[in-house]
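Student: Please take a close look at one part of this model for me, the contacts between its side chains. I am new to it, so explain each term once and then show where the contacts lie.

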Amino acid sequence: MTMLDHSYPLAPSWVSPVTLSPDGKLDASAVGELVNHTLLLEFGYEATHKRRQGRIGIAGAASGQQQFFEANQRGRRFLNLTGLTRLDEIALQGRDCRWQAEARLLAFANPALEDGAVLILSPHPDDAELAAFGLYSDHAERSWIVTLSAGEKLGRLDRQYIPGLDGDLASASARKGMIRAWNSVTTPLLAGVSAARLFCLGYFNDSLAKLVADPDSLVAHAQLPELTPAPFRRWNPQPLPGDEQAANRGRLLVADLAALLMRVRPSSVLVTHPEVDPHGDHVATAQALALAIQQSGHCPSRVLLYANHLRKVHDFPYGPEHAGTTLPPWQSEHSRLGPWHCYSHPLTLARQKEKVVAMETMHDLHAKDRLEKRFKRWWGRTVRRDGYHHYGLHSYFQTHIKAHEVFSWVSGDDFVSGMLQDAGTEQA
């Protein structure tokens, strides 16, 4: 069995010691405000099965949720109890796991997302939906969604969306970018986000790190040297600085984001977590945001951070569709972005099903039913007994259809300071 503690640089509003009885009752000596707070129970976890994930149900809770944890591991974990109003009316029910008696309840005051516009930065089409469909649905009237890349990268001709439609990889890649750009500016309409607040900047897939590292250089497309971002920007509702030159350059990317910050003046920005999510385009999106804040002079009150990719961790958030979830696995109590707050956004069952529909409109999530996927489903049903419904063949239909969308968040000032310090740049 592997010993692995999950730890984070958390800054809760209040903390209370909790005793967990063997039958799952919670005894807290001094509990603060529960309503309008995100609640995480920090506890000692131990799996009792080598292959099946441990699960903890919350009996007595209105949602009747279960949350899943790693098989064959033990160490510090965090159970999401957000939404509870009384701790004495619930009991934890464990399966394939056990817990230690001593625990702590951490409470984080929820961010006031209603205090202004919400700007969501999506490195690729579908990142915003995976991380925040529920959140932007519940704040549709104030949400703006900006997708930085068209996601046009295509490794093999036989993986184009419509088999045989294009006869060469370059043409198929361009078509893929058009389709995904269209997805990015139409899928949020299902949630009630106005088309006037949906943008695709069209910069090339897997080029964002190069753009941020060398803002003045032109980064040509690997398969179509003559391609520009212009075709992927055709549905944008308003002009942006990058329209005039329509080139894959970092300074134009930052100028586009700076112009949007000035236009929207968001109080909240959602972006990929540059420390937790290792994808190069995702890290570069956070870097570009910091540079754009510096250039525009508009700093949001808060930056909410999400991670759609994790280092050496698969199938997170764990468990079947509609289960609960918590912060992604992480092992450090230090962050260059300063202390993290935590926000768990609840999704009703109806909202989760709407998210399934939204993800289904994203062409890139239409996975093929390959032998490996069939074996994985069989293994899950017979060995792990994971209870998946399998709404779609892509693994995201299991991992990201959950009862919560969970974010860490920091102040806008701390985000910019940490990002620019890391880049060796002094804030103006």
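Tutor: The structure holds 22 salt bridges, a salt bridge being a side-chain nitrogen of Lys or Arg within 4 Å of a carboxyl oxygen of Asp or Glu. The model is a predicted one, in which local features need a pLDDT of at least 70 and side-chain atom pairs count only at pLDDT 80 or more, while totals for chains, interfaces and linings use all residues. Residues are numbered from 1 along each chain as its sequence is written, and side-chain values use heavy atoms, without hydrogens and water.

Helices (H or I, at least four residues) and strands (E, at least two) are DSSP runs, numbered from the N terminus. A residue is called buried under 20% relative accessible area, exposed over 50%, and partly exposed in between, with a 1.4 Å probe and protein chains only.

One salt bridge joins the side chains of Lys153 and Asp206, at 2.7 Å from N to O. Lys153 is in the loop between S11 and helix H2 (169-186), and Asp206 is in the loop between S12 and helix H3 (208-213), so this contact ties together parts that are 53 residues apart in sequence. Lys153 is partly exposed at 47% relative accessibility, and Asp206 is partly exposed at 35%.

Another salt bridge is formed by Arg251 and Asp216, at 3.6 Å from N to O. This pair links distant parts of the chain, 35 residues apart: Arg251 belongs to helix H5 (residues 250-264), and Asp216 to the loop between H3 and helix H4 (242-245). Arg251 is partly exposed, with a relative accessible area of 34%, whereas Asp216 counts as exposed at 55%.

Asp243 and Arg233 also meet in a salt bridge, at 2.8 Å from N to O. Since Asp243 is in helix H4 and Arg233 in the loop between H3 and H4, the pair ties together parts that are 10 residues apart in sequence. Asp243 is partly exposed at 34% relative accessible area, but Arg233 is buried at 7%.

Salt bridges also form a network, which links Asp126, Lys176, Arg180 and Asp364.

A charged group can face a ring as well. The charged end of Arg234 sits over the ring of Trp235, 5.5 Å from its centre; for such a contact, NZ of Lys or CZ of Arg must be within 6 Å of the ring centre and within 35 degrees of the ring normal.

Next come the contacts between rings. A pair of aromatic rings is described by the distance of the centres and the angle of the planes. Rings of Phe, Tyr and Trp (its six-membered ring) pair if their centres lie within 6.5 Å; planes under 30 degrees apart count as stacked, over 60 as edge-to-face and the rest as tilted. The whole structure has 11 aromatic pairs. Tyr45 and Phe69 make a tilted pair, 5.3 Å centre to centre with 40° between the planes. Tyr45 in strand S4 (residues 37-47) and Phe69 in strand S6 (residues 66-69) are 24 residues apart, and the pair links these distant parts of the chain. Both residues count as buried, Tyr45 at 2% relative accessibility and Phe69 at 3%. Trp144 and Phe199 form a stacked pair, with 6.5 Å between centres and 15° between planes. Trp144 lies in strand S11 (residues 143-149) and Phe199 in strand S12 (residues 198-203), so the pair ties together parts that are 55 residues apart in sequence. Trp144 and Phe199 are buried. Ring pairs also link Tyr8, Phe78, Trp330 and Trp340 into a cluster.

Aromatic residues also appear on the surface. Phe375, Trp378 and Trp379 form a nonpolar patch there, with about 340 Å² of accessible area together. Patches are made of residues with over 30% relative accessible area and no salt bridge, where like charges are joined within 9 Å and nonpolar side chains (Val, Leu, Ile, Met, Phe, Trp, Tyr) within 5 Å. Accessible areas come from the Shrake-Rupley method with a 1.4 Å probe, and for residues only the protein chains shown count as cover. Within the patch, Trp378 is part of helix H8 (residues 371-384) and is partly exposed, with a relative accessible area of 46%.
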